[in-house]
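Q: Please give a close account of one part of this model, namely its aromatic rings and the nonpolar core around them. What is placed where, and which contacts are formed?

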Amino acid sequence: MFQLLPWTFAVDTVHFWVHYGLVCLGFLLGVITILVQLAKPAPYGKFDQGNNESWGVTINQRLGHILSDATPGVLLFLLVFFLYGTERQYANYVFLGLWQAHYIHRGIIHPLVMRYSKAQVPLGITLGGLFPNCIFSFLCADWISSARYPDKYYYDPRFIIGLLLFVSGYVTNKWADIKLRSLRRQKGTNGEGSNGYYIPSGGLFELVACPNYFGELVEWLGWAVGTWSLSGLAWMLFGCATFIPRAAHTRKWYGEQFMEYPRARKALIPFVY
């Protein structure tokens, strides 16, 4: 029989209110983020104009990326799961594996192989990413290590659909990252490649400017559906608050930089936005 809430979250009162208090904070951060980002894109990558003194001293870009993503997404998540949580059913481990697959790549592998446009990044940009990542990594780790799912949850359509969405989004995101990295290498004028920007093409790049963001958005939609939790929903919506304005600014930037950029190409979601 289909249950609206397929899990139990049997924790003490303090734990309960800490968790849902942070969920409320997560929703609030999403609202603030989309309003701020729609007004002005965060000054990194192609939107780094070189006048970011107000963001503090600069550090190595690779190090900053690892600190902001791997520290919360890998280290903090594992600590919360194994030291703070108590549930160890198969579903809990599947969700742990999905999250770690994303963040080991996003927070460790990707920074080490990415050809950044600039070698340095302001410390404030790194800390600006670290703060929400810590909140949501704690929230999601707390949920999947404290919620008890039924023994046969793998038959539940929410688990199946969520898993399929996550895996398809993961593959799309990684394909887009590889495509962008190879584009810079191929377009370079010497053996070392190039740090410049070019018009991506092929696959989903024919439909949207940012298939990497689209893939990650699908990942976190799958996470929200699979975990069927408010923490997962808050994280997915926070992702929307980041990807929607970032993709819109990226689409606009390409149009301004390249006269030949396809005008029919959407920003984030094929045929829609």
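**Aromatic rings and the nonpolar core**

A: Helix H6 (residues 211-227) holds both Trp 220 and Trp 223, which are 3 residues apart, about one turn of the helix. Helices (H or I, at least four residues) are DSSP runs, numbered from the N terminus. The model is predicted, so local features need pLDDT of at least 70 and side-chain atom pairs count only at pLDDT 80 or more, while totals for chains, interfaces and linings use all residues. Residues are numbered from 1 along each chain as its sequence is written, and side-chain values use heavy atoms, with hydrogens and water left out.

Trp 220 has 1% relative accessibility and therefore counts as buried (under 20% relative accessible area, with a 1.4 Å probe and protein chains only). Trp 223, at 2%, is likewise buried.

These two residues, with Phe 95 and Trp 235, have the most contacts inside the largest nonpolar core, which has 52 residues. Such a core is a set of buried Ala, Val, Leu, Ile, Met, Phe, Trp, Tyr and Cys residues joined through side-chain atoms within 4.5 Å. At least two residues of this core come from each of H1 (13-39), H2 (61-84), H3, H4 (123-146), H5 (157-187), H6 and H7. The most comes from H7, with 9 residues. Phe 95 touches Trp 223, and also Ile 144, Tyr 149, Tyr 153, Phe 159, Gly 226 and Thr 227, leaving aside residues up to four places away in sequence; contact means heavy atoms within 4.5 Å.

Aromatic pairs come next. Rings of Phe, Tyr and Trp (its six-membered ring) pair if their centres lie within 6.5 Å; planes under 30 degrees apart count as stacked, over 60 as edge-to-face and the rest as tilted. This rule gives 35 aromatic pairs. In one of them, the ring centres of Trp 99 and Trp 235 are 5.9 Å apart and the planes stand at 40°, so the pair is tilted. Trp 99 belongs to H3 (residues 90-113) and Trp 235 to H7 (residues 230-257), so this pair ties together parts that are 136 residues apart in sequence. Both Trp 99 and Trp 235 are buried. The rings of Trp 220 and Trp 223, with centres 6.2 Å apart and planes at 80°, form an edge-to-face pair.

Gln 100 also lies in helix H3 and is buried, with a relative accessible area of 8%. Gln 100 touches Gly 73, Val 74, Phe 77 and Leu 78, not counting residues up to four places away in sequence.

Technical notes:
Buried means under 20% relative accessible area, exposed over 50%, partly exposed in between (1.4 Å probe, protein chains only).
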